[in-house]
Amino acid sequence: MKRIVAVVCMLLLVTVAISFAAAPGKDSGGQPIVIKSNELQADTKNRTATFIGKVVAKQDTITIHTDKLVVRYAEKGGDVEKVEAFGNVRIVQANRIGTAQQAVYYTKDGKIILSGSPKVVQGKDMVSGSEITYFVNEEKSVVTGTANTRVEAVIYPKGKGPDDAAKP
């Protein structure tokens, strides 16, 4: 059980990538954030910046691909309150990949929620469910299921992946 929790936490670390838009320089060594999209809509009144169309956000070794990325700013101070990724969300860092239809990062709570067929894969290990929530500051995760979508985790013992089965 302890190994499952550790692997789930390790797998979900990739979702911390969403936080790079909220806290540049903290874990990125001061690397710039580069966001490319087909369109950018900045709305000062509603305190949002919306990137639309084949969005690719990259900082250092972390890349987020999505259809739409919305950054919401606080009324006072201009700090980022929330970062939302909508449609075909794929977060990549080395051999870790997180996918979902939606990802939301709440900066104040340090909470990331993946929903819409969320799945996190690292190497051959995988976890999926109805919703995956990662509490950044606590390094804790919760994967929930429903009657139709049960939680599934596939965790291979070190050096015992499916490709290793035929080896003596």
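Val89 lies in strand β5, where a strand is a DSSP run of E with at least two residues and a helix a DSSP run of H or I with at least four, both numbered from the N terminus. At 3% relative accessibility, Val89 is buried; this term means under 20% relative accessible area, while exposed means over 50% and partly exposed lies in between (1.4 Å probe, protein chains only). Residues up to four places away in sequence left aside, Val89 touches His65, Thr66, Gly98, Thr99, Ala100, Gln101, Gln102 and Ala103, a contact being heavy atoms within 4.5 Å. Val89 and Gly116 stand 27 residues apart in sequence, and their C-alpha atoms are 9.6 Å apart in space.

This is a predicted model, in which local features need pLDDT of at least 70 and side-chain atom pairs count only at pLDDT 80 or more, whereas totals for chains, interfaces and linings use all residues. Residues are numbered from 1 along each chain as its sequence is written, and side-chain values use heavy atoms, with hydrogens and water left out.

## The protein as a whole

The protein has one helix and twelve strands. From the N terminus on, the order of elements is α-β-β-β-β-β-β-β-β-β-β-β-β. Of the 168 residues in the protein, 39% are buried. The accessible surface comes to about 9900 Å², and carbon and sulfur atoms account for 51% of this surface; such areas come from the Shrake-Rupley method with a 1.4 Å probe, and for residues only the protein chains shown count as cover. Among contacts between residues at least 6 apart in sequence, 40% join residues at least 24 apart.

Confidence is expressed as pLDDT, the predictor's score for each residue from 0 to 100. The protein averages a pLDDT of 79, and 76% of the residues score at least 70. Over residues 1-29, pLDDT stays under 50, and for these residues the model has 71 contacts beyond four places in sequence.

## Strand pairing

Two strands are said to pair if DSSP finds at least two bridges between them. Strand β3 (residues 48-59) pairs with strand β4 (residues 62-73) in the antiparallel sense, over ten bridges. Within this pair, Gln59 stands opposite Ile62 in β4. The hairpin of β3 and β4 has two residues between the strands, and Asp60 takes a positive phi near 55 degrees there.

Strand β4 is also joined to strand β5 (residues 80-93) by ten bridges, and these two strands run antiparallel. The bridge partner of Tyr73 is Val80 in β5. Six residues lie between the strands in the hairpin of β4 and β5, where Gly77 has a positive phi near 90 degrees.

Gln93 also belongs to strand β5. Gln93 counts as buried because its relative accessibility is 17%. The side chains of Gln93 and Thr61 are joined by a polar contact of 3.3 Å. A polar contact is a pair of N or O atoms within 3.5 Å; within protein, one must be able to donate a hydrogen and the other to accept it, and residues adjacent in sequence count only if both atoms are side-chain atoms.

## Positive phi values

Most residues other than glycine have a negative phi. Two residues with a positive phi are set out below.

| Residue | Phi | Place | Relative accessible area |
|---|---|---|---|
| Arg47 | near 55 degrees | loop between β2 (39-43) and β3 | 29%, partly exposed |
| Lys54 | about 45 degrees | strand β3 | 70%, exposed |

## The nonpolar core

In soluble globular proteins, nonpolar side chains tend to be buried together. A nonpolar core is a set of buried Ala, Val, Leu, Ile, Met, Phe, Trp, Tyr and Cys residues joined through side-chain atoms within 4.5 Å. The largest such core has 24 residues, and those with the most contacts inside it are Leu69 and Leu114. Two or more residues of this core come from each of β3, β4, β5, β6 (96-106), β7 (111-115) and β10 (131-135). Strand β5 gives the most to this core, with five residues.

## Surroundings of Lys119

Lys119 is placed in strand β8 (residues 119-122). With a relative accessible area of 37%, Lys119 is partly exposed. Lys119 and Thr99 are 20 residues apart along the chain, and their C-alpha atoms are separated by 5.3 Å. Beyond its neighbours within four places in sequence, Lys119 is in contact with Ile97, Gly98, Thr99, Met126, Val127, Ser128 and Ile132.
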